[in-house]
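User: I'd like to go through some of the labels on this model and see what backs each one. Can you take me through the reasoning?

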Amino acid sequence: MTELRAVTAAGERVSAVLHRERHEPGAVELLVSAAEVWRLFPEIGVTGTAGMDALLRALRAELDRDPPGEDSACVVTWPSRDAEAIRAFLDHGLAPMTALAVRTAPPEPVAELPGVTIRRARPEDFDAALDLALEIFDYSTLVALPRREETAEVLAPDLRRKLDQGTAPVWVAEVDGVVAGLADCSWVDVTADSGAAELLPLGSWGYLNNVGTARELRGRGIGRALAGTTHEYFHERGATGTYLYYNPPNPLSSVFWHRQGYRPLRTIWEVRPASLLR
């Protein structure tokens with residue numbers, strides 16, 4: 001970790017912690033992250049745009065001293081509704097690539113869809129579920145995520161374990177007996193000493209990790225039914241709420257999840273490769 005200090009044009013002092021992360025080949029983090037990440041944790045007080053601008057200039061100077069590689073990124077996680085720093089992010093080349101969104105409202109009734117069955121996933125669903133997960137990732141690489149050749153190999157072990165154990169909250173949607181939708185979820189306990197406490201309120205949360213419908217069947221309400229089923233499940237078991245990550249540049253998820261009652265809590269601003277930081 002490195003401490004960065006900077007001064008605004010008005011003489012206000014600001015600081016940040018700069019944490020460098022390196023992910024080895026095959027790491028699950030590489031599905032959503034660059035291999036080398038320069039993660040900035042700013043403390044700008046009430047200095048707003050000017051304070052963030054000063055810290056990003058200091059980060060640019062740090063990069064000049066130790067140039068990053070091609071598979072790299074500069075990342076800042078910031079409260080979604082705090083608008084004062086956004087101008088600085090845009091001026092320095094960062095884009096809002098990922099949003100952490102939460103939903104705490106009671107579930108709405110899940111409408112029945114003719115010919116569609118929502119059920120818990122079973123071991124024999126593995127191949128179809130993995131294909132759907134890969135289709136979701138493939139679409140996301142068009143707008144936000146890095147494209148990794150080893151995506152299937154990284155996703156497969158955890159998905160197979162969940163289906164074999166039969167206890168994880170994973171559902172599939174069947175259309176005329178064919179698996180055509182997936183909702184891969186899990187429980188996350190946010191405690192005071194957990195890393196998740198920096199992002200979410202304390203409590204037991206339902207995490208919607210991978211939810212999607214086969215391309216040819218989108219628009220029929222299957223994704224909404226899958227999401228509703230997960231909301232009902234977690235609510236009945238006392239969850240604080242549910243949360244997920246979506247990509248604001250994704251024209252499908254950025255509309256869909258807001259309609260399901262999710263509101264962005266934290267936005268992850270990113271520039272990739274890191275050398276493009278201005």
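**Rings, charges and burial**

Analyst: Sure. Let's start with Arg120, whose charged end sits over the ring of Trp171, 5.2 Å from its centre. Keep in mind that this is a predicted model.

User: What makes the distance for Arg120 and Trp171 fit that label?

Analyst: The cut-off for the distance is within 6 Å of the ring centre, and Arg120 comes in at 5.2 Å from the centre of the Trp171 ring. Arg160 also lies over a ring face, that of Phe126, at 3.8 Å from the ring centre.

User: Which residues are in the cluster with Trp171?

Analyst: Ring pairs link Trp171 with Trp187, Tyr233 and Phe234.

User: Why is the pair of Tyr243 and Tyr245 called edge-to-face?

Analyst: Edge-to-face needs planes over 60 degrees apart, with centres within 6.5 Å. Tyr243 and Tyr245 have 80° between the planes and 6.3 Å centre to centre, so the label holds.

User: And why does the pair of Phe256 and Trp257 count as edge-to-face?

Analyst: Their planes are at 80° and their ring centres 4.7 Å apart, so that pair is edge-to-face too.

User: How do you know whether Tyr243 is buried or exposed?

Analyst: Buried means under 20%. Tyr243 has 6% relative accessibility, so it's buried, while Tyr245, at 35%, counts as partly exposed.

User: What about Asn210: buried or exposed?

Analyst: Asn210 is at 7% relative accessibility, so it's buried. This residue is found in strand E9, and beyond its sequence neighbours within four places, its contacts include Phe137 and Leu182.

Note on methods: Residues are numbered from 1 along each chain as its sequence is written. This is a predicted model: local features need pLDDT of at least 70, side-chain atom pairs count only at pLDDT 80 or more; totals for chains, interfaces and linings use all residues. Side-chain values use heavy atoms; hydrogens and water are left out. Helices (H or I, at least four residues) and strands (E, at least two) are DSSP runs, numbered from the N terminus. Buried means under 20% relative accessible area, exposed over 50%, partly exposed in between (1.4 Å probe, protein chains only). Contact means heavy atoms within 4.5 Å. Rings of Phe, Tyr and Trp (its six-membered ring) pair if their centres lie within 6.5 Å; planes under 30 degrees apart count as stacked, over 60 as edge-to-face and the rest as tilted. A charge sits over a ring if NZ of Lys or CZ of Arg is within 6 Å of the ring centre and within 35 degrees of the ring normal.
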